[in-house]
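Biologist: Before we discuss the binding site, I should like each term set against its definition. Please begin once the model is displayed.

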Amino acid sequence: MKEQTLALIKPCAIAKHYQGLIIHDILEAGFEIKAMKMLHLTTEEARAFYVVHKEKDFYEPLIKFMTSGSIIALILEKQNAIADYRQLMGKTDPKSALEGTLRKKYAVNTRHNAVHGSDSLENAKKEIAFFF
Ligand code: ATP
Ligand code: MG
(Lines give C-alpha, C1' and ligand atoms only; values in the text may rest on other atoms or scores of the structure.)
(Ligands and ions follow the chains in the order given, each with its own letter.)
Protein backbone atom coordinates (compact mmCIF):
# COMPACT_ATOMS: atom_id res chain seq x y z
CA MET A 1 0.00 0.00 0.00
CA LYS A 2 1.18 3.51 -0.75
CA GLU A 3 2.38 5.57 2.20
CA GLN A 4 3.08 9.29 2.66
CA THR A 5 5.94 11.02 4.46
CA LEU A 6 6.82 14.64 5.18
CA ALA A 7 10.13 15.92 3.82
CA LEU A 8 11.79 19.27 4.46
CA ILE A 9 14.61 20.92 2.55
CA LYS A 10 16.41 22.92 5.25
CA PRO A 11 17.78 26.51 5.02
CA CYS A 12 21.41 25.40 4.51
CA ALA A 13 20.50 23.47 1.34
CA ILE A 14 18.44 26.35 -0.04
CA ALA A 15 21.28 28.81 0.66
CA LYS A 16 23.55 26.60 -1.45
CA HIS A 17 20.93 26.31 -4.25
CA TYR A 18 20.66 22.53 -3.78
CA GLN A 19 16.84 22.44 -3.80
CA GLY A 20 16.63 21.51 -7.49
CA LEU A 21 19.18 18.70 -7.13
CA ILE A 22 17.44 17.35 -4.01
CA ILE A 23 14.01 17.34 -5.70
CA HIS A 24 15.59 15.63 -8.73
CA ASP A 25 17.08 12.89 -6.50
CA ILE A 26 13.72 12.42 -4.71
CA LEU A 27 11.92 11.93 -8.05
CA GLU A 28 14.68 9.64 -9.39
CA ALA A 29 14.23 7.47 -6.28
CA GLY A 30 10.60 6.86 -7.25
CA PHE A 31 8.73 9.20 -4.92
CA GLU A 32 5.69 11.12 -6.14
CA ILE A 33 5.45 14.72 -4.91
CA LYS A 34 1.85 15.17 -3.76
CA ALA A 35 2.30 18.72 -2.37
CA MET A 36 5.14 21.21 -2.07
CA LYS A 37 5.54 24.70 -0.62
CA MET A 38 8.23 27.16 0.37
CA LEU A 39 7.86 28.95 3.69
CA HIS A 40 9.81 30.63 6.47
CA LEU A 41 9.13 29.14 9.90
CA THR A 42 8.56 31.46 12.85
CA THR A 43 10.45 30.70 16.07
CA GLU A 44 7.19 29.46 17.64
CA GLU A 45 6.52 27.13 14.71
CA ALA A 46 10.06 25.73 14.71
CA ARG A 47 9.91 25.15 18.50
CA ALA A 48 6.60 23.31 18.07
CA PHE A 49 7.87 21.19 15.16
CA TYR A 50 10.97 20.05 17.11
CA VAL A 51 9.28 19.91 20.54
CA VAL A 52 10.45 16.28 21.10
CA HIS A 53 14.01 17.65 21.26
CA LYS A 54 13.26 20.52 23.67
CA GLU A 55 15.46 19.12 26.47
CA LYS A 56 18.46 18.52 24.17
CA ASP A 57 21.46 20.84 24.17
CA PHE A 58 21.16 21.26 20.38
CA TYR A 59 17.51 22.47 20.59
CA GLU A 60 17.98 26.27 20.66
CA PRO A 61 20.72 26.30 17.97
CA LEU A 62 18.48 24.02 15.88
CA ILE A 63 15.58 26.51 16.21
CA LYS A 64 17.89 29.40 15.22
CA PHE A 65 19.08 27.43 12.19
CA MET A 66 15.61 26.31 11.06
CA THR A 67 14.35 29.92 11.22
CA SER A 68 17.46 31.40 9.53
CA GLY A 69 15.95 31.15 6.04
CA SER A 70 13.21 29.63 3.93
CA ILE A 71 12.52 25.90 3.84
CA ILE A 72 10.61 23.71 1.39
CA ALA A 73 8.02 21.23 2.73
CA LEU A 74 6.95 18.27 0.59
CA ILE A 75 4.48 15.42 0.90
CA LEU A 76 6.15 12.37 -0.69
CA GLU A 77 4.27 9.23 -1.65
CA LYS A 78 5.33 5.71 -2.60
CA GLN A 79 5.22 2.21 -1.15
CA ASN A 80 7.21 2.19 2.10
CA ALA A 81 7.79 5.96 1.76
CA ILE A 82 8.77 6.63 5.39
CA ALA A 83 11.59 4.07 5.64
CA ASP A 84 12.69 4.54 2.03
CA TYR A 85 12.98 8.32 2.41
CA ARG A 86 14.96 7.89 5.68
CA GLN A 87 17.30 5.65 3.68
CA LEU A 88 17.57 8.18 0.83
CA MET A 89 18.40 10.93 3.40
CA GLY A 90 21.18 9.01 5.13
CA LYS A 91 22.40 9.33 8.73
CA THR A 92 21.87 12.55 10.75
CA ASP A 93 25.63 13.17 10.75
CA PRO A 94 26.71 13.39 7.10
CA LYS A 95 30.12 11.93 8.01
CA SER A 96 28.29 8.64 8.75
CA ALA A 97 25.89 8.89 5.80
CA LEU A 98 26.29 6.38 2.97
CA GLU A 99 27.59 7.39 -0.45
CA GLY A 100 24.77 8.62 -2.70
CA THR A 101 22.46 9.72 0.14
CA LEU A 102 21.09 13.27 0.28
CA ARG A 103 23.01 14.09 3.45
CA LYS A 104 26.27 12.70 2.07
CA LYS A 105 25.83 14.83 -1.06
CA TYR A 106 24.31 18.04 0.30
CA ALA A 107 24.79 18.33 4.10
CA VAL A 108 27.48 20.38 5.84
CA ASN A 109 27.38 18.84 9.35
CA THR A 110 25.00 17.27 11.89
CA ARG A 111 23.03 20.49 12.43
CA HIS A 112 23.17 21.82 8.88
CA ASN A 113 22.13 18.48 7.41
CA ALA A 114 20.10 19.58 4.36
CA VAL A 115 16.91 17.57 4.80
CA HIS A 116 14.33 16.20 7.23
CA GLY A 117 12.08 13.17 6.94
CA SER A 118 9.37 11.75 9.20
CA ASP A 119 10.54 8.80 11.32
CA SER A 120 7.25 6.91 11.85
CA LEU A 121 3.72 6.62 10.45
CA GLU A 122 2.34 8.50 13.47
CA ASN A 123 4.86 11.36 13.06
CA ALA A 124 4.35 11.48 9.27
CA LYS A 125 0.63 12.10 9.84
CA LYS A 126 1.33 14.76 12.49
CA GLU A 127 4.00 16.48 10.38
CA ILE A 128 1.88 16.49 7.19
CA ALA A 129 -0.96 18.08 9.20
CA PHE A 130 1.51 20.61 10.63
CA PHE A 131 2.51 21.90 7.17
CA PHE A 132 -0.51 21.21 4.95
P1 ATP B 1 15.33 15.11 11.11
O2 ATP B 1 14.41 14.98 12.31
O3 ATP B 1 15.68 16.55 10.79
O4 ATP B 1 14.85 14.32 9.94
P5 ATP B 1 17.00 13.10 12.24
O6 ATP B 1 15.72 12.38 12.53
O7 ATP B 1 18.09 12.39 11.49
O8 ATP B 1 16.73 14.44 11.47
P9 ATP B 1 16.93 13.99 14.97
O10 ATP B 1 17.63 13.21 16.00
O11 ATP B 1 15.45 13.92 14.87
O12 ATP B 1 17.63 13.64 13.56
O13 ATP B 1 17.37 15.51 15.16
C14 ATP B 1 16.65 16.55 14.53
C15 ATP B 1 17.64 17.54 13.95
O16 ATP B 1 18.34 18.17 15.00
C17 ATP B 1 18.73 16.92 13.07
O18 ATP B 1 18.34 16.71 11.75
C19 ATP B 1 19.81 17.98 13.16
O20 ATP B 1 19.52 19.09 12.30
C21 ATP B 1 19.69 18.42 14.61
N22 ATP B 1 20.58 17.65 15.48
C23 ATP B 1 20.40 16.38 15.93
N24 ATP B 1 21.42 15.97 16.69
C25 ATP B 1 22.28 17.01 16.74
C26 ATP B 1 23.56 17.23 17.36
N27 ATP B 1 24.15 16.29 18.10
N28 ATP B 1 24.16 18.43 17.17
C29 ATP B 1 23.57 19.40 16.42
N30 ATP B 1 22.38 19.26 15.82
C31 ATP B 1 21.74 18.09 15.96
MG1 MG C 1 14.06 13.28 13.51
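The exchange below concerns the largest pocket and ligand 1.

Modeller: This is a predicted model, in which local features need pLDDT of at least 70 and side-chain atom pairs count only at pLDDT 80 or more, while totals for chains, interfaces and linings use all residues. Residues are numbered from 1 along each chain as its sequence is written, chains are lettered from A and ligands numbered from 1 in the order written, and side-chain values use heavy atoms, without hydrogens and water.

Biologist: What makes the space of about 670 Å³ a pocket?

Modeller: On a 1 Å grid over the protein atoms alone, a pocket is an open set of points where a 1.4 Å probe fits, with protein on both sides within 12 Å along at least five of seven lines. The volume is the space filled by probe spheres set on those points, joined across faces, edges and corners. The largest pocket holds about 670 Å³. Its lining has 23 residues, of which Y50, V52, H53, H116 and D119 are closest to the centre; a lining residue has an atom within 4 Å of a point.

Biologist: How do you know that ligand 1 sits in the largest pocket?

Modeller: A molecule sits in a pocket if more than half of its atoms lie within 2 Å of the grid points. Ligand 1 meets this test, so the space it takes is the largest pocket.

Biologist: Why is the approach of T92 to ligand 1 called a polar contact?

Modeller: A polar contact is a pair of N or O atoms within 3.5 Å. An N or O atom in the T92 side chain is 2.5 Å from an oxygen atom of ligand 1, and therefore qualifies. The H53 side chain qualifies likewise at 3.0 Å, as does that of N113 at 2.8 Å.

Notes:
A polar contact is a pair of N or O atoms within 3.5 Å; within protein, one must be able to donate a hydrogen and the other to accept it, and residues adjacent in sequence count only if both atoms are side-chain atoms.
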